[in-house]
Amino acid sequence: MNCTKLVTGFIVGGLLAACSSGDINITPTTVDNSVDNSVSTGGGSADDVCASYVRDGQVIQGSADGNGNCTYDSSFVGPKNNLNVDLLIPALPDGGAHIFTSSLFVGETYRTQAELQAAGITRGGDGPTLTIEAGATLAFQTNSDFMIINRGSQIIANGTADAPITITSLSDVNGTVGPTDVQQWGGMVINGFGVT
């Protein structure tokens, strides 16, 4: 019985296809019923690519220098202004660099085990996390500027062969460092829970 209905359907379909279509137009068309609900604020600024975070309800952000770099002074982060929230440092377009005019301190500096415990830091990862995107370049101005990842905080920096993460000096970024120049920036310190 199913076979009969199928054969009958083919015969009827064939007869209809052989008939003239008359006034019926079967040409498909596309109708776009989508609605654009976006709100324009007049465009973004060049600073939008620079790293930022929120402190006390205020956005703290680096500033673009017009040459593809972002600059961060001690009001962004520094030895007396430790980073206490998670921060993402993105890769900048066209190989720009994140230039720090001061040190980058991630998390609070705890001098004793008692201070650490009083702050509730019992293991790594309890403090803020600094994430550096593949392809990002961080540059420090002087040999007294450095990066420190304090106890309890962490750094996530997964570069790739095609997009390495570079942490260097400003003179290196500017191309003014010589092949024998040393002590261009202070280096990096990662403090764990071991006795120092």
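Two strands are said to pair if DSSP finds at least two bridges between them. Strands (E, at least two residues) and helices (H or I, at least four residues) are themselves DSSP runs, numbered from the N terminus. In these terms, β7 is joined to strand β10 (residues 147–149) by 3 bridges, and the two run parallel.

The structure is a predicted model, in which local features need pLDDT of at least 70 and side-chain atom pairs count only at pLDDT 80 or more, while totals for chains, interfaces and linings use all residues. Residues are numbered from 1 along each chain as its sequence is written, and side-chain values use heavy atoms, with hydrogens and water left out.

The protein chain contains 3 helices and 13 strands. Of its 196 residues, 28% count as buried, where buried means under 20% relative accessible area, exposed over 50%, and partly exposed in between (1.4 Å probe, protein chains only). The accessible surface of the chain comes to about 12,600 Å², with 52% belonging to carbon and sulfur atoms; areas come from the Shrake-Rupley method with a 1.4 Å probe, and for residues only the protein chains shown count as cover. Among contacts (heavy atoms within 4.5 Å) with a separation of 6 or more, 71% are made by residues 24 or more positions apart.

The pairing of β7 and β10 belongs to an open sheet of 3 strands, ordered β7-β10-β13 with parallel pairing. Because β7 (104–106) and β13 (188–190) stand at the edges with a single partner strand each, one side of each has no neighbour in the sheet. Neighbouring strands here are turned by 5° against each other on average, direction ignored; the axes are lines fitted to C-alpha atoms, for helices over the stretch in contact, and angles run from 0 to 180 degrees between N-to-C directions. Within the β7–β10 pair, L104 has M147 of β10 as its bridge partner.

L104 and M147 also appear in the largest nonpolar core, which has 22 residues; those with the most contacts inside it are F76, L87, F100, L104, L130, L138 and M147. Such a core is a set of buried Ala, Val, Leu, Ile, Met, Phe, Trp, Tyr and Cys residues joined through side-chain atoms within 4.5 Å. At least two of the core residues come from each of β4, β5 (87–89), β7, β8 (129–132), β9 (137–140) and β10. Leaving aside neighbours within four places in sequence, the contacts of M147 include L104, L130, L138, W185 and M188.

Earlier in the chain, β1 and strand β2 (residues 58–61) pair in the antiparallel sense over 4 bridges, with I60 of β2 as the bridge partner of Y53. The two strands form a hairpin with 2 residues between them, and D56 in the turn has a positive phi of about 55°.

A covalent link is found as well. With a disulfide taken as a pair of cysteine sulfur atoms within 2.5 Å, the count comes to 1. The disulfide joins C50 to C70, with an S to S distance of 2.1 Å, and at -90° about the S-S bond the link is left-handed. C50 lies in the loop between α1 (2–18) and β1 (52–55), and C70 lies 20 residues away in strand β4 (residues 70–72), so that the pair links distant parts of the chain. Both ends are buried: C50 has a relative accessible area of 4%, and C70 stands at 0%.

By contrast, G95 is exposed, with a relative accessible area of 65%. G95 lies in the loop between β5 and β6 (98–100), and its C-alpha atom is separated by 10.0 Å from that of V173, 78 residues apart along the chain.
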